[in-house]
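Got the viewer open? Keep the selection box handy, and let's walk through this model one stop at a time.

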Amino acid sequence: MAGIDFDTIAGSKLYVSTAAPTVATGAGAAAAFALLTWVEVGQLTNIGSVEGREYSMSSLATIGDAQDREKKGSFKLPNAEFECAWVPEDPGQIIIKAASKDYSVPSFKLVGQDTDEIDYFTAQVAKFVRTGGTSNDAVKGNFTLLRQTDTVSV
């Protein structure tokens with residue numbers, strides 16, 4: 001752990017690969033992801049959440065006991081929102097932009113400030129856009145990753 005009682009996002013890096021791992025979940029997934037060729041996505045300014053699930057609610061309201069019951073239903077893997085300085089010649093951003101224009105499912109690796117803290121996942125790039133702003137704002141890009149696999153953490 002980098003900090004005494006918590007870590008920060010500073011020093012984290014995102015990498016992308018156009019290849020898919022031979023195994024994306026379960027035993028062997030981390031090793032399969034590690035074998036891919038990775039390209040860093042440069043100039044990140046904000047990192048999205050890449051772990052966890054969002055469950056839908058299923059409810060049942062019975063007349064006899066007047067109790068509304070809820071249970072977890074199906075789940076989705078939440079989208080991950082990222083932001084970066086807009087650098088059109090950055091190799092990682094070039095891959096992100098290309099993936100935003102097709103239906104491919106690239107692989108991603110997020111490395112925390114502790115380089116032994118790595119999260120792997122696959123996702124489609126739903127958007128990659130250049131943002132606007134005021135005269136004092138830096139030109140940035142926003143991209144949304146539609147996670148396709150649960151995150152594999154090592």
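Start by selecting S107, which sits in strand β7. This is a predicted model, so keep that in mind at each stop. Is S107 buried or exposed? Its relative accessible area is 0%, so S107 is buried. Now show the side chain of S107 and add A19: a polar atom of that side chain lies 2.8 Å from the backbone oxygen of A19. Next, bring up the surroundings of S107. Setting aside residues up to four places away in sequence, S107 touches Y15, V16, S17, A19, A20, P21, F33, L36, W38, F121 and T122.

Time to zoom out. Colour the protein chain by secondary structure and you'll find 2 helices and 10 strands. Follow the chain from the N terminus and the elements come in the order β-α-β-β-β-β-β-α-β-β-β-β. Along its principal axes, the C-alpha trace spans about 65 × 45 × 40 Å. Of the 154 residues in the chain, 34% are buried. If you draw contacts between residues at least 6 apart in sequence, 66% of them join residues at least 24 apart.

Next stop: select residues 91-100, which is helix α2. Which residues of α2 are buried? They are G92, Q93, I95, I96 and A99. Turn the view so that you look down the axis of α2: those buried residues fall within an arc of 155°, so they line one face of the helix. What covers the buried residues of α2? Switch on β1 (13-17), β2 (39-41), β6 (80-85), β7 (107-111), β8 (118-130) and β9 (140-147), which are all included in that cover. You've already met β7, as the strand that holds S107.

Before leaving the helix, select D90. This residue caps the N-terminal end of α2, with a side-chain oxygen 3.1 Å from the backbone nitrogen of G92.

Now pick out Q93, which lies in helix α2. Q93 counts as buried because its relative accessibility is 2%, and the cut-off for buried is under 20%. Where does the side chain of Q93 reach? Add G42 to the view: the side chain of Q93 comes to 3.1 Å from the backbone oxygen of G42. The wider set of contacts for Q93, leaving out residues up to four places away in sequence, is V41, G42, Q43, C84, A85, W86, V87, P88 and F128.

For a change of scene, go to Y55 in strand β4, residues 54-61. With 32% relative accessibility, Y55 counts as partly exposed. Show side chains here and you'll see that of Y55 in a polar contact with the side chain of R53, at 3.2 Å. Not counting residues up to four places away in sequence, Y55 touches K72, G73, S74 and F75. Try a distance between C-alpha atoms too: Y55 and A99 are 27 Å apart in space and 44 residues apart in sequence. A99 is one of the buried residues of α2.

Last stop: the largest pocket, with a volume of about 200 Å³. To find it, select I9, S12, L110, E117 and D119, which lie nearest its centre among the 15 lining residues. What kinds of residue make up the lining? Colour the lining by type and it divides into 5 nonpolar, 6 polar and 4 charged residues.

Conventions: Residues numbered from 1 in each chain as written. Predicted model: local features only at pLDDT ≥ 70, side-chain atom pairs only at ≥ 80, totals over all residues. Heavy atoms only, no water. 1 Å grid on protein atoms, 1.4 Å probe; cavity = no way out; pocket = protein on both sides within 12 Å on 5 of 7 lines; lining within 4 Å. Points joined across faces, edges and corners; volume = space filled by probe spheres on them. Nonpolar A, V, L, I, M, F, W, Y, C, P; charged D, E, K, R; others polar. Buried < 20%, exposed > 50% of the residue type's maximum accessible area, 1.4 Å probe, protein only. Helix = DSSP H or I, 4+ residues; strand = E, 2+ residues; numbered from the N terminus. Arc of directions from axis to C-beta. Contact = heavy atoms within 4.5 Å. Polar contact = N/O pair within 3.5 Å; in protein donor to acceptor, adjacent residues only side chain to side chain.
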